[in-house]
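Ready for some practice? Open the structure below and work through each exercise before reading its solution.

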Amino acid sequence: MEYSEKVMDHFANPRNVGVIDDANAVGEVGNAKCGDIMKMYMKINDDGIIEDIKFKTFGCGAAVATSSMATELVKGKTIEEALKLTNKAVAEALDGLPPVKMHCSVLAEEAIQAALTDYYTRKGLNPADYIKK
């Protein structure tokens with residue numbers, strides 16, 4: 001299986017790994033078929049900007065790389081911009097993924113959406129009003 005240099009770099013040197021203790025948005029998703037689990041932590045300010053984002057991923061190299069890249073793509077962005085992030089954009093930013101590993105980029109997209117769902121729920125808002133599937 002061929003991985004791009006970017007995938008290998010984000011696997012070997014993942015960005016934004018860890019936990020945010022005072023996160024106001026936390027989402028966890030998993031894929032039972034492959035056993036990958038991703039947990040995203042976000043600190044979102046009053047202006048709706050994702051000031052900080054960290055992740056913990058249990059899974060293969062592609063799962064770690066897609067988590068890392070997804071955090072890089074939404075850090076400093078607005079919630080609205082983060083919600084537009086697609087798994088294809090994550091895969092493209094990594095210069096592609098093998099077809100058998102595309103589900104990892106889907107998991108990264110879903111983890112960000114899960115964290116933002118948590119954010120809206122904590123604010124007493126209906127996530128469905130903001131997150132369009």
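## Exercises on a predicted model

The structure, a predicted model, holds six salt bridges. Let's start with some of them.

**Exercise 1. Work out which residues are joined into one network by salt bridges that share partners.**

Solution.
- Step 1: Take a pair within a helix as a warm-up. Asp118 and Arg122 form a salt bridge, with their closest N and O atoms 2.8 Å apart.
- Step 2: Place this pair. Both residues lie in helix α5, four residues apart, which is about one turn of the helix. An α-helix has 3.6 residues a turn, so residues three or four places apart point the same way.
- Step 3: Check the surroundings of Arg122. Its relative accessibility is 48%, so Arg122 counts as partly exposed.
- Step 4: Now look for shared partners. Asp52, Lys54 and Lys75 are joined into one network.
- Step 5: Go through the links. Asp52 meets Lys54 in a salt bridge of 3.9 Å, N to O, and Lys75 also forms a salt bridge with Asp52, at 3.7 Å between the closest N and O atoms.
- Step 6: Ask what the link between Lys75 and Asp52 does. Lys75 sits in the loop between α2 and α3 while Asp52 is in strand β3, so this pair ties together parts that are 23 residues apart in sequence.
- Step 7: Add the accessibility. Lys54 is partly exposed at 22%, Asp52 is partly exposed at 23%, and Lys75 is partly exposed at 33%.

**Exercise 2. Decide whether Asn24 counts as buried or exposed, and find what its side chain meets.**

Solution.
- Step 1: Locate the residue. Asn24 is in the loop between α1 (5-12) and β1.
- Step 2: Compare its value with the cut-off. Buried means under 20% relative accessible area; Asn24 has 18%, so Asn24 counts as buried.
- Step 3: Look at the polar part of the side chain. One of its polar atoms lies 2.8 Å from the backbone oxygen of Ile44.
- Step 4: Widen the view. Beyond its neighbours within four places in sequence, Asn24 is in contact with residues including Met42, Lys43 and Ile44, and also with Asp118, Tyr119 and Arg122. You have already met Asp118 and Arg122 as a salt-bridge pair.

**Exercise 3. Find which element gives the largest share of the largest nonpolar core.**

Solution.
- Step 1: Begin with the core itself. The largest nonpolar core has 37 residues, and those with the most contacts inside it are Met40, Met42, Ile44, Ile112 and Leu116.
- Step 2: List the candidates. Two or more residues come from each of β1 (25-31), β2 (36-44), β3 (50-58), α2, α3 (79-83), α4 (87-93) and α5 (102-122).
- Step 3: Pick the winner. The largest share, 10 residues, comes from α5.
- Step 4: Get to know α5. This helix has 21 residues and reaches 31 Å from its first C-alpha to its last, close to the expected 30 Å. Just after α5, Gly124 takes a positive phi of about 75°.
- Step 5: Zoom in on Leu116. Leaving aside its neighbours within four places in sequence, Leu116 is in contact with Met42, Ile44, Ile79, Ala82, Leu83 and Ile131.

**Exercise 4. Describe the surroundings of Thr66.**

Solution.
- Step 1: Find Thr66 in helix α2 (residues 61-74).
- Step 2: Read its accessibility. Thr66 has 0% relative accessibility, so Thr66 counts as buried.
- Step 3: Name its contacts. Apart from neighbours within four places in sequence, these are Met38, Val90, Leu94, Leu97, Cys104, Ser105 and Ala108.

Conventions. Residues are numbered from 1 along each chain as its sequence is written. This is a predicted model: local features need pLDDT of at least 70, side-chain atom pairs count only at pLDDT 80 or more; totals for chains, interfaces and linings use all residues. Side-chain values use heavy atoms; hydrogens and water are left out. Buried means under 20% relative accessible area, exposed over 50%, partly exposed in between (1.4 Å probe, protein chains only). Contact means heavy atoms within 4.5 Å. A nonpolar core is a set of buried Ala, Val, Leu, Ile, Met, Phe, Trp, Tyr and Cys residues joined through side-chain atoms within 4.5 Å. The expected span of a helix is 1.5 Å times one less than its number of residues. A polar contact is a pair of N or O atoms within 3.5 Å; within protein, one must be able to donate a hydrogen and the other to accept it, and residues adjacent in sequence count only if both atoms are side-chain atoms. A salt bridge is a side-chain nitrogen of Lys or Arg within 4 Å of a carboxyl oxygen of Asp or Glu.
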